[in-house]
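Biologist: I would like to learn how to read a model of this kind feature by feature, with the general idea given before the particular case. Could we begin with charged side chains and then move on to the backbone?

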Amino acid sequence: MYDEIFSQITNAANKRNLRDSTIHAYCTSVAHFLKYTDKPIDALTTDDVDTFLIQKRLSGISPETYNHYHSGIRFFYKKVLKMNWDDDDIPRMKRDRSLPIVLTKAEISAILDATPNLKHKAMIATMYSGGLRVSEVTHLHYEDISRTNKTIHIRDGKSRFDRYTLLADRTLEILTEYWFAYNKPMEALFIQKNKPHNRITQSAVQQYLRNTCKKAGISKHISPHTLRHAFATHLLENGVEF
């Protein structure tokens, strides 16, 4: 029904080198909006957006979900419809800022010690050692690990920036043991079981981490991003400035 609209959004997004996941999210948000308004495209106004977003806010959705709708529709109006958009008139929803959960060094060690599967242990150690996002660890290749420089090369990270991050000696030891045990994967570093050409999925990493935390007796609500917070916190504790 909205194929032409989706095509225009995709073309505008591709010109700006946006990710496929972002394009999909934009199209989904716009589809919900257009279905709600049920108006011809040339009859749309910013009041329609305001009405739609107010309805969403009153429905009790989270600020994150609300802002996903906001971002997609904003992109549609500005880049496809070429309409004026005032962020003061149609603001994003502010998020409640709570302090992130931070694991202690002892808890990190407990998690690694409670991880019997070598592949899972290597992934968890790598995320903590370099402060990697879950999407970054699933896209690692063998050549991204530098034994000489003790660094990890993150390719096409958030905002499509490459960067180098730290590789601890213990993590390198775990990675080396994993690499030999899993038949020396030369492309995707972390692969699916029985599917040597398919990289591990983000949901699988999240599940592995949850299971490991239970085994380690850690009751905190832990996600892969928690390891990233721990990495930054422990660097600060060691006197490293950002």
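Modeller: A salt bridge is a side-chain nitrogen of Lys or Arg within 4 Å of a carboxyl oxygen of Asp or Glu. With that criterion in hand, and remembering that this is a predicted model, one finds that R133, E136 and R163 are linked in a network of such bridges.

Biologist: How many salt bridges does a search of the whole structure find?

Modeller: The general idea is that side chains of opposite charge can pair when their charged atoms come close. In this structure the search over the whole model gives 9 salt bridges.

Biologist: Staying with the network, how far apart are the closest N and O atoms of E136 and R163?

Modeller: They are 2.9 Å apart, and E136 thereby forms a salt bridge with R163. Because E136 belongs to helix α7 (residues 134–138) while R163 belongs to strand β3 (residues 163–166), the pair ties together parts that are 27 residues apart in sequence.

Biologist: Is E136 buried or exposed?

Modeller: A residue counts as buried under 20% relative accessible area and as exposed over 50%, with partly exposed in between. E136 has a relative accessible area of 6%, so it is buried, whereas R163, with 26%, is partly exposed.

Biologist: Which residue meets R170 in a salt bridge?

Modeller: The side chain of R170 meets that of D113, with an N to O distance of 3.4 Å. Since R170 lies in helix α8 (residues 169–181) and D113 in helix α5 (residues 105–113), this contact ties together parts that are 57 residues apart in sequence. As for accessibility, R170 counts as partly exposed at 40%, and D113 is exposed with a relative accessible area of 57%.

Biologist: Where in the chain do E143 and R155 lie?

Modeller: The closest N and O atoms of E143 and R155 are 3.6 Å apart, and the two residues form a salt bridge. E143 sits in the loop between α7 and β1 (145–146), and R155 in the loop between β2 (151–154) and β3, so that the pair links distant parts of the chain, 12 residues apart. On the accessibility scale E143 counts as exposed at 57%, while R155, at 39%, counts as partly exposed.

Biologist: Which residues gather in a patch of positive charge on the surface?

Modeller: For a patch of this kind, one looks for residues with over 30% relative accessible area and no salt bridge, like charges being joined within 9 Å. Here K15, R16, K78, K79 and K82 gather in a positive patch on the surface. One of these, K78, has its place in helix α4 (residues 63–80), and its relative accessibility of 31% makes it count as partly exposed.

Biologist: How many disulfides does a search of the whole structure find?

Modeller: The criterion is a pair of cysteine sulfur atoms within 2.5 Å, and the search of the whole structure finds 0 disulfides. Two residues can be placed on the accessibility scale here: C27 is buried, with a relative accessible area of 11%, and C213 likewise counts as buried, at 4%.

Biologist: Turning to the backbone, which residue has a positive phi of about 60 degrees although it is not a glycine?

Modeller: That residue is N17, which is found in the loop between α1 (3–15) and α2 (20–37) and is partly exposed, with a relative accessible area of 48%. K150 also has a positive phi, near 55 degrees, and is likewise a residue other than glycine. K150 is found in the loop between β1 and β2, and with a relative accessible area of 30% it is partly exposed.

Biologist: Finally, what do the secondary structure and the spans along the principal axes come to?

Modeller: The protein comes to 10 helices and 5 strands, and its C-alpha trace spans about 60 × 35 × 35 Å along the principal axes. Of its 242 residues, 40% count as buried. To relate chain separation to distance in space, one may take A106 and W85, which are 21 residues apart along the chain and whose C-alpha atoms are separated by 50 Å. A106 lies in helix α5 and is exposed, with a relative accessible area of 57%.

Key:
Residues are numbered from 1 along each chain as its sequence is written. This is a predicted model: local features need pLDDT of at least 70, side-chain atom pairs count only at pLDDT 80 or more; totals for chains, interfaces and linings use all residues. Side-chain values use heavy atoms; hydrogens and water are left out. Helices (H or I, at least four residues) and strands (E, at least two) are DSSP runs, numbered from the N terminus. Buried means under 20% relative accessible area, exposed over 50%, partly exposed in between (1.4 Å probe, protein chains only). Patches are made of residues with over 30% relative accessible area and no salt bridge: like charges are joined within 9 Å, nonpolar side chains (Val, Leu, Ile, Met, Phe, Trp, Tyr) within 5 Å. Accessible areas come from the Shrake-Rupley method with a 1.4 Å probe; for residues, only the protein chains shown count as cover. Lys and Arg count as positive and Asp and Glu as negative; His and the chain ends are not counted. The place of a charge is taken as NZ of Lys, CZ of Arg, CG of Asp or CD of Glu.
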